[in-house]
Amino acid sequence: MKDSIFTVHRQRALTDSVMELQLRGDCSAITCPGQFVNLRLEGLYLRRPISVCNLDGELLTLVYKIVGKGTVQLSQMQPGQTLPVLTGLGNGYDTALAGERPLLIGGGVGVPPLYLLARTLRAEGKTVQVILGFNTASECFYAEEFQALGCELRITTVDGSAGTKGFVTAALPEAYSHVYTCGPEPMLRAVYKSIQTGGSFSFEKRMGCGFGACMGCSCKTVTGGYKRICKEGPVLQKEEILWED
Amino acid sequence: MGRLSVALCGIELDNPVIPASGTFGYGWEFAELYDINILGSFSFKGTTREPRFGNPTPRIADCTAGMLNAVGLQNPGVDRVIDTELPKLAKCFQKPVMANVSGFSLEDYAYTCARLDKEPQVGWLEVNVSCPNVHGGGMSFGTDPAAAAGVVRAVKAVTTKPVIIKLTPNVTDIVAVAKACEQAGADGVSLINTLLGMRIDLKTRKPILANTMGGFSGPAVFPVALRMVWQVSHAVEIPVVGMGGVSSAEDVLEMLMAGATAVEVGAANLVDPFACRNIIQSLPETMDRYGIERIRDIISENRR
């Protein structure tokens, strides 16, 4: 974990409500795909956790959805502005579990962390299959980016306006070696029930600190213990997940 | 004794800065960030007789100049704390630690404190009386002077270590509770615990916290906390540990001027994991600015 100052490099809208933000700073604490950073925004008390979408030297890409006060403020930041960022947070995706034909499943704003994962897996020579699920065609983003990595891409939309009509589970391929997924909890539950292999699931929860101190984001696991989504998570393995109703 | 040192219930601290319970775990995880021996001490995660998972999530809500938490005393239970957490802490912290204890009955408090009394690392027992009394209709021990005094007597009977009672601000008269604790034999009081609050999500029209209500802390509560520290420290003779929204060296000095002997830092640790280190490092220059030679000199000035 590292606390340092980042500078806004550039920012653009990917859809009506999804933004791509590039920050420049010390990314040395980020060790694997699926980790997140925690942004301190002027005038807001708690930091805002956002998953790492891509990393190139000092350039950190975050893709986020505008949902509340913090993300509205973030979307208005201009190139050159600075903000304190805690980097290298969380236990991300382990690419050693991938096998030869990993399947990546992302839903909506759960898509971003899969990008750095796909890039890493492609660099390791894997055949990477990707399913990206959205509500409707106008909400789709990053399809070209995944294709440019050489991934086998399938899009699903709930209303059928792009790709296969239905949820991500409507587009499962016949063969895959391991599943990596991130998205809204109902989607994660559906993926959990549908897949035939092991899986790495990334969860989202309201956090206090983001580094394991406050116990704000704990969840129970099948072993009877607990994990902190910010510290031992956000990625949990399929066999340890205990769904709470 | 150094320029920053203070004495709390007979134990000398290198400086008055103590991370508050629930914001610093059992310490050892923060030792990866910096040498935590620079701290005066720290108060470890509220510990109960049995392990507790705590409340359902969401447990956290952001607020203007503060936050709400309804963690619900998640902890591994006193046996695991003694077997696992304290040995890990011993490797990275060589000073007396403040053991924060919670309970839901007098028996709980006595059991947990008796176990921790045997631990040489424990310098003080900080007893949180904000929890509901399961045998008393669920009302918090700390809201009734007689019930709080009962906890003090139950704990004092099982330990020779200094007992500091952590008081809730959610009362009509915190001075009455503090006086009752002093008369029952408490060695000190710490205040304030969090203020009861809530937030509602405009989109769902429901409370943000799964527990509906939670404890409010952060810079917004500082003036309320300072006022209560002032009132209590003018009414009792025992040491007062001040806390509530402390985020800077200036806040520490203000708390000491209000009568606190030492100061706990809570929510600030969750926004900035280096908050306590930064406060300690900036204390000398801040003292210079206000003409303070030794920090302990300002504590008693305003106490009766």
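Before I come to a particular loop, let me fix a term: helices here are DSSP runs of H or I with at least four residues, strands are runs of E with at least two, and both are numbered from the N terminus. The model I am showing is a predicted one, and everything I say about it should be heard with that in mind.

With those terms, the loop I want to start from is the one between β9 (129–134) and α3 (143–148) of chain A, where Tyr142(A) is found. Tyr142(A) is not a glycine, and yet its phi is positive, at about 70°. Is this residue buried or exposed? A residue is called buried here when 20 or more other C-beta atoms lie within 10 Å of its own, and because Tyr142(A) has 23 such neighbours inside 10 Å, it counts as buried.

Chain B offers a counterpart in Thr212(B), a residue other than glycine whose phi is again positive, near 65°. Thr212(B) sits in the loop between β12 (206–207) and β13 of chain B, and since the number of other C-beta atoms within 10 Å is 11, Thr212(B) is exposed.

Staying with the backbone for a moment, there are two cis peptide bonds to point out. In chain A, the bond from Gly233(A) to Pro234(A) is cis, with omega near 10°, and Pro234(A) belongs to the loop that lies between β15 (226–228) and β16 (235–237) of that chain. In chain B, the cis bond joins Leu191(B) to Ile192(B), with omega about 10°, and Ile192(B) is found in the loop between β9 and β10 of chain B.

That second bond brings us to strand β9 of chain B, residues 188–191, from which Gly188(B) and Ser190(B) point one way while Val189(B) and Leu191(B) point the other way, with all of these residues buried. β9(B) pairs in the parallel sense with strand β8 (residues 163–166) of chain B, over three bridges, and in that pairing Ile164(B) stands opposite Gly188(B).

Let me turn to the sheets, beginning with chain A. Seven strands of chain A form an open sheet, in the order β4-β3-β7-β1-β2-β6-β5, with antiparallel pairing. Its edge strands are β4 (48–51) and β5 (54–56), each of which pairs on one side only, and neighbouring strands are turned by 35° against each other on average, direction ignored. Within this sheet, strand β2 (residues 18–24) and strand β6 (residues 59–65) of chain A run antiparallel and are joined by seven bridges, with Gln22(A) opposite Thr61(A). Helix α2 (residues 112–123) of chain A lies across β4, β5 and β6 of that chain, and runs at about 50° to β5(A).

In chain B, an open sheet of four strands has the order β4-β5-β13-β10, and here too the pairing is antiparallel. Which strands stand at the edges? They are β4 (60–63) and β10 (195–197) of chain B, and because each has a single partner strand, one side of each is left without a neighbour in the sheet. The twist from one strand to the next averages 35°. Strand β5 (residues 66–69) and strand β13 (residues 214–217) of chain B are joined by three bridges, and Leu68(B) has Phe216(B) as its bridge partner.

As for how the chains meet, the contact takes 21 residues from chain A and 26 residues from chain B. On the side of chain B that touches chain A, β4, β5 and α7 (268–271) of chain B each supply at least two residues, and the residues of that side divide into 13 nonpolar, 10 polar and three charged.

I will finish with helix α8 of chain B, residues 275–289. At 1.5 Å a residue, its 15 residues should span 21 Å, and the end C-alpha atoms are 20 Å apart, which agrees. The helix nevertheless has a kink of about 40° at Leu283(B), shortly before the proline Pro284(B). Leu283(B) is also one of the buried residues of α8(B), together with Ala275(B), Cys276(B), Ile279(B) and Ile280(B). An α-helix has 3.6 residues a turn, so residues three or four places apart point the same way. What covers the buried residues of α8(B) includes β3 (17–19), α6 (249–257), β15 (262–265) and α7 of chain B. After the helix comes Gly291(B), with a positive phi near 65°.

Technical notes. Residues numbered from 1 in each chain as written. Chains lettered and ligands numbered in written order. Predicted model: local features only at pLDDT ≥ 70, side-chain atom pairs only at ≥ 80, totals over all residues. Pairing = 2+ DSSP bridges. Axes fitted to C-alpha atoms, helices over the stretch in contact; angles between N-to-C directions. Contact = placed C-beta atoms within 7 Å. Nonpolar A, V, L, I, M, F, W, Y, C, P; charged D, E, K, R; others polar. Expected span 1.5 Å × (residues − 1). Bend = angle between axes of the 7 residues up to and from the residue. Buried ≥ 20, exposed ≤ 12 C-beta atoms within 10 Å, placed from the backbone.
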